[in-house]
Amino acid sequence: MDKRTHIEKIDKKMQEQGWKFIGAILHYNKAWKNQAAVYERNGKYVVSGLDASGKNELHEPIEKKEALKRVNESLEEIRKIIFDI
C-alpha cells in the first residue's frame with residue numbers, strides 16, 4: 001500500500017469516528033513530508049496523518065487557536081503558490 005492510500009484510509013477512519021476535517025498543515029515536523037490534517041470533534045482538535053517516518057499514524061492533540069492559525073498559514077501559502085504572488 002502506498003502512503004497516499006494509507007493517508008486516505010486514516011482520513012476515512014477519522015470521519016467515520018465523527019471527526020470533521022478542518023484543513024491541512026503544510027509545515028508540521030512530526031508528520032510525513034511535514035504535511036498533516038487538522039480535525040475537530042466536540043470542540044477538541046487533533047493533527048492527524050502519517051508520522052515523520054511515514055510508517056505510523058499520527059494523532060496529536062492541538063489547541064484550537066494553534067490549529068486554526070496553522071491551517072490559515074497553510075491556506076495563505078497555497079494561495080501564494082496558486083496566484084504566483
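How many aromatic pairs does the structure hold? Just one. Keep in mind that this is a predicted model. Besides that pair, there's a pocket to look at: the largest one has a volume of about 280 Å³.

**The aromatic pair**

- The partners are Phe21 and Tyr39, with ring centres 5.7 Å apart.
- Their planes sit at 70°, and over 60 counts as edge-to-face, so that's the label this pair gets.
- The two rings come from distant parts of the chain: Phe21 belongs to strand 1 (residues 20-25) and Tyr39 to strand 2 (residues 36-41), which puts them 18 residues apart.

**Buried or not**

- Tyr39 has 3% relative accessibility, so it counts as buried, the cut-off being under 20%.
- Phe21 comes in at 40% relative accessibility, so it counts as partly exposed.

**The largest pocket**

- A total of 17 residues line the largest pocket, and the closest to its centre are Ile7, Gln35, Ala36, Ala37 and Ser48.
- Helix 1 (3-16) gives the largest share of the lining, with four residues.
- At least two lining residues each come from helix 1, strand 1, strand 2 and strand 3 (44-50).
- Sorted by class, the lining of this pocket has eleven nonpolar residues, plus three polar and three charged ones.

**A word on the idea behind pockets**

- Empty space shows up when a probe the size of a water molecule is rolled over the atoms.

Terms used: Residues are numbered from 1 along each chain as its sequence is written. This is a predicted model: local features need pLDDT of at least 70, side-chain atom pairs count only at pLDDT 80 or more; totals for chains, interfaces and linings use all residues. Side-chain values use heavy atoms; hydrogens and water are left out. Rings of Phe, Tyr and Trp (its six-membered ring) pair if their centres lie within 6.5 Å; planes under 30 degrees apart count as stacked, over 60 as edge-to-face and the rest as tilted. Buried means under 20% relative accessible area, exposed over 50%, partly exposed in between (1.4 Å probe, protein chains only). On a 1 Å grid over the protein atoms alone, a cavity is a set of points where a 1.4 Å probe fits but cannot get out, and a pocket is an open set with protein on both sides within 12 Å along at least five of seven lines; lining residues have an atom within 4 Å of a point. Grid points are joined across faces, edges and corners, and a volume is the space filled by probe spheres set on the points. Ala, Val, Leu, Ile, Met, Phe, Trp, Tyr, Cys and Pro count as nonpolar, Asp, Glu, Lys and Arg as charged, and the others, Gly among them, as polar.
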